[in-house]
Amino acid sequence: LNLDNFSSEMLTIVIPNTVKKVGAYAFDSYHRLYIILPDSIEFIGDHAFENCINVKAPNDLPNLNYIGDYAFYGCADLESI
């Protein structure tokens, strides 16, 4: 997925409940994304959302077993995980 061609407007990505793993560097440094994580997530790889300012997660991620190094580094609006 090449997001460099999108306009400067914010792009919302709702990750569906069928997704259980977000790989390393998946959304690294895409500043114009508003990403909503489902509660089905079990694994978040290293640097997965690094510098993605607008990541939102539900209050409870009951299936989350692993958060990689720097996965949410620079996610200024993420209140908790």
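**Entry 1: I53**

I started at I53, which comes out partly exposed, with a relative accessible area of 35%. One thing to keep in mind throughout is that this is a predicted model. I placed I53 in the loop between β4 (43-44) and β5 (54-56). Next I asked which residues I53 touches once those up to four places away in sequence are left out. The list reads H31, G74, C75, A76 and D77. I also checked Y30: it is 23 residues from I53 in sequence, and the C-alpha atoms are 8.5 Å apart.

**Entry 2: the sheet**

I wanted the strand order, and found an open sheet of 3 strands running β1-β3-β5, with parallel pairing. β1 (11-14) and β5 are the edge strands, each pairing on one side only. I looked up the angle too: neighbouring strands here are turned by 10° against each other on average, direction ignored. As a reminder to myself, strands of a sheet pair through backbone hydrogen bonds, in a parallel or antiparallel way.

Then I went through β1 against β3 (residues 33-36), and counted 4 bridges in the parallel sense. For a register point I noted T12, which stands opposite Y34 in β3.

**Entry 3: the core**

Which residues touch the most other members of the largest nonpolar core? I got F27, I35, I44, F49 and F72, out of 19 residues in that core. I followed I35 further and listed its contacts, again skipping residues up to four places away in sequence: I13, I15, F27, F49, C52, N54, V55 and K56. So two of the core names, F27 and F49, turn up again in the I35 list.

**Entry 4: aromatic rings**

I searched the whole structure for aromatic pairs and got 4 of them. One of them is F27 with F49, stacked at 5.5 Å centre to centre with 5° between the planes. F27 sits in the loop between β2 (21-22) and β3, while F49 sits in the loop between β4 and β5, so this pair ties together parts that are 22 residues apart in sequence. Buried or exposed, for F27 and F49? Both are buried.

I then took the rings of F43 and Y66: their centres are 4.8 Å apart and the planes are at 15°, so I logged this pair as stacked. F43 belongs to strand β4 and Y66 to strand β6 (residues 66-67), so the pair ties together parts that are 23 residues apart in sequence. On accessibility, F43 is at 29% and counts as partly exposed. Y66, at 36%, also counts as partly exposed.

Two more ring notes. F27, F49 and F72 form one aromatic cluster. The charged end of K21 sits over the ring of F43, 4.9 Å from the ring centre.

**Entry 5: positive phi**

Last, I checked backbone angles, bearing in mind that most residues other than glycine have a negative phi. Y25 is not a glycine, yet its phi is positive, about 60°. I found Y25 in the loop between β2 and β3, and at 48% relative accessibility it counts as partly exposed.

N51 is another case: not a glycine, with a positive phi of about 65°. Where does N51 sit? I put it in the loop between β4 and β5. With a relative accessibility of 23%, N51 counts as partly exposed.

Conventions: Residues numbered from 1 in each chain as written. Predicted model: local features only at pLDDT ≥ 70, side-chain atom pairs only at ≥ 80, totals over all residues. Heavy atoms only, no water. Helix = DSSP H or I, 4+ residues; strand = E, 2+ residues; numbered from the N terminus. Buried < 20%, exposed > 50% of the residue type's maximum accessible area, 1.4 Å probe, protein only. Contact = heavy atoms within 4.5 Å. Pairing = 2+ DSSP bridges. Axes fitted to C-alpha atoms, helices over the stretch in contact; angles between N-to-C directions. Core = buried A, V, L, I, M, F, W, Y, C linked by side-chain atoms within 4.5 Å. Phe/Tyr/Trp six-rings, centres within 6.5 Å; stacked < 30°, edge-to-face > 60°. Lys NZ or Arg CZ within 6 Å of the ring centre and 35° of its normal.
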